[in-house]
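Biologist: I'd like to learn how to read a structure like this one. Could you walk me through it?

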Amino acid sequence: MHIGIDLDNTVLDATTPHLHYYNIASGLTLTADDVDNFYLYKMYGWNKEEREAIYHLYGRDIHWHSNPLPHAVEVLQQLYRQHRLSIITARPLLFRDVTLEWLAQHGIAYHDIAFVEDKLQQCADSKVDVLIDDGPHYAEQFVQVGRPVILMEQPYNLSVPSHDLLFRATGWADVQKHLTAIAER
Ligand SMILES: [Mg+2]
């Protein structure tokens with residue numbers, strides 16, 4: 001299978017470093033319990049331009065100081081031996097270098113990587129069979145056009161409606177069983 005894999009809040013915990021640096025920038029003290037939006041910057045009352053400026057200032061630190069989610073590294077190493085793994089991240093190219101360094105530093109195995117916001121187009125073009133992601137909008141978009149998604153559970157994606165092609169994972173331990181079910185379809 002050709003598997004597309006998101007990074008932020010799929011392979012790694014992006015919430016903790018974002019809150020850390022966004023709290024520094026804002027003077028607020030938000031915690032993981034406050035998270036109810038995929039777009040964390042909205043919890044700080046910032047508009048897109050304000051978010052952009054803060055992300056450009058702290059993005060390198062945010063991405064470097066992220067930790068892999070439990071079992072992500074081991075499961076990806078196992079999957080790498082049997083499947084084609086494409087990392088598909090919506091991070092801007094500005095953070096390409098820190099992203100590649102971080103992946104190498106944590107020993108994460110993958111075949112290729114794309115920095116794109118339109119993940120549906122990317123998956124269609126590169127013939128990805130299944131996307132693993134936490135983004136509620138990606139999950140809804142993919143199942144609507146008949147593409148399976150493994151949705152990494154986060155507080156902001158619990159309201160995504162159930163669908164035959166939507167496979168909810170509470171962590172990486174669930175991924176292999178979902179891949180087996182998807183392959184058998
Ligand atoms: Mg993500």
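Modeller: Sure. Let's begin with a term: two strands pair if DSSP finds at least two bridges between them. Keep in mind that this is a predicted model.

Biologist: How many bridges join β1 to β6, then?

Modeller: Three, and the two strands run parallel. One bridge to look for has Gly-4 with its partner Leu-131 in β6. Strand β1 (residues 2-5) also pairs with β4 (residues 84-89), again in the parallel sense, over four bridges. There, the partner of Ile-3 is Leu-85 in β4.

Biologist: And what is the strand order of the open sheet?

Modeller: The general idea comes first. Strands of a sheet pair through backbone hydrogen bonds, either parallel or antiparallel. Here six strands make an open sheet in the order β5-β4-β1-β6-β7-β8, with parallel pairing. At the edges sit β5 (112-115) and β8, each pairing on one side only. From one strand to the next, the twist averages 20 degrees.

Biologist: Which strands does helix α7 touch?

Modeller: Helix α7 (residues 175-183) packs on the sheet and touches β6, β7 and β8, and its direction makes about 165 degrees with that of β8. As for β7 and β8, four bridges join them, and they run parallel. Find Met-152 and you'll see it opposite Ala-169 in β8.

Biologist: Now the helices. Which residues of α3 are buried?

Modeller: A general point helps. An α-helix has 3.6 residues a turn, so residues three or four places apart point the same way. In helix α3 (residues 72-82), the residues Ala-72, Leu-76 and Leu-79 are buried. They cover an arc of only 65 degrees around the axis, so they sit on the same side of α3. On the other side, Gln-77 and Arg-81 are exposed. The buried residues of α3 pack against β1, β3 (67-68) and β4.

Biologist: What do the buried residues of α6 pack against?

Modeller: Their partners are α5 (119-125), β6 (130-133), β7 (149-152) and β8 (166-169). The buried residues of α6 (residues 136-144) are Tyr-138, Ala-139, Phe-142 and Val-143. Seen down the axis, they fall within an arc of 120 degrees, so they line one face of α6. The face turned away from that buried side carries the exposed His-137 and Gln-144. After α6 comes Gly-146, with a positive phi near 85 degrees.

Biologist: Where does His-71 lie, and what is its phi?

Modeller: His-71 lies in the loop between β3 and α3. Its phi is near 70 degrees, a positive value in a residue other than glycine. His-71 is partly exposed, with 14 other C-beta atoms within 10 Å. Lys-127 also has a positive phi, near 55 degrees, and is not a glycine either. Look for Lys-127 in the loop between α5 and β6. Lys-127 counts as exposed because it has 9 C-beta neighbours inside 10 Å, and the cut-off for exposed is 12 or fewer.

Biologist: Last one: at what angle do the axes of α2 and α4 cross?

Modeller: Two packed helices are described by the angle between their axes and the distance between the axes. For α2 (residues 48-64) and α4 (residues 96-105), the axes come within 9 Å and cross at roughly 10 degrees. The two helices are therefore roughly parallel to each other. Arg-60, His-63 and Trp-64 of α2 make the contact with Val-98, Thr-99 and Trp-102 of α4. Those residues divide into three nonpolar, two polar and one charged.

Methods. Residues numbered from 1 in each chain as written. Predicted model: local features only at pLDDT ≥ 70, side-chain atom pairs only at ≥ 80, totals over all residues. Buried ≥ 20, exposed ≤ 12 C-beta atoms within 10 Å, placed from the backbone. Arc of directions from axis to C-beta. Contact = placed C-beta atoms within 7 Å. Axes fitted to C-alpha atoms, helices over the stretch in contact; angles between N-to-C directions. Parallel < 35°, antiparallel > 145°, perpendicular 65-115°, else oblique. Nonpolar A, V, L, I, M, F, W, Y, C, P; charged D, E, K, R; others polar.
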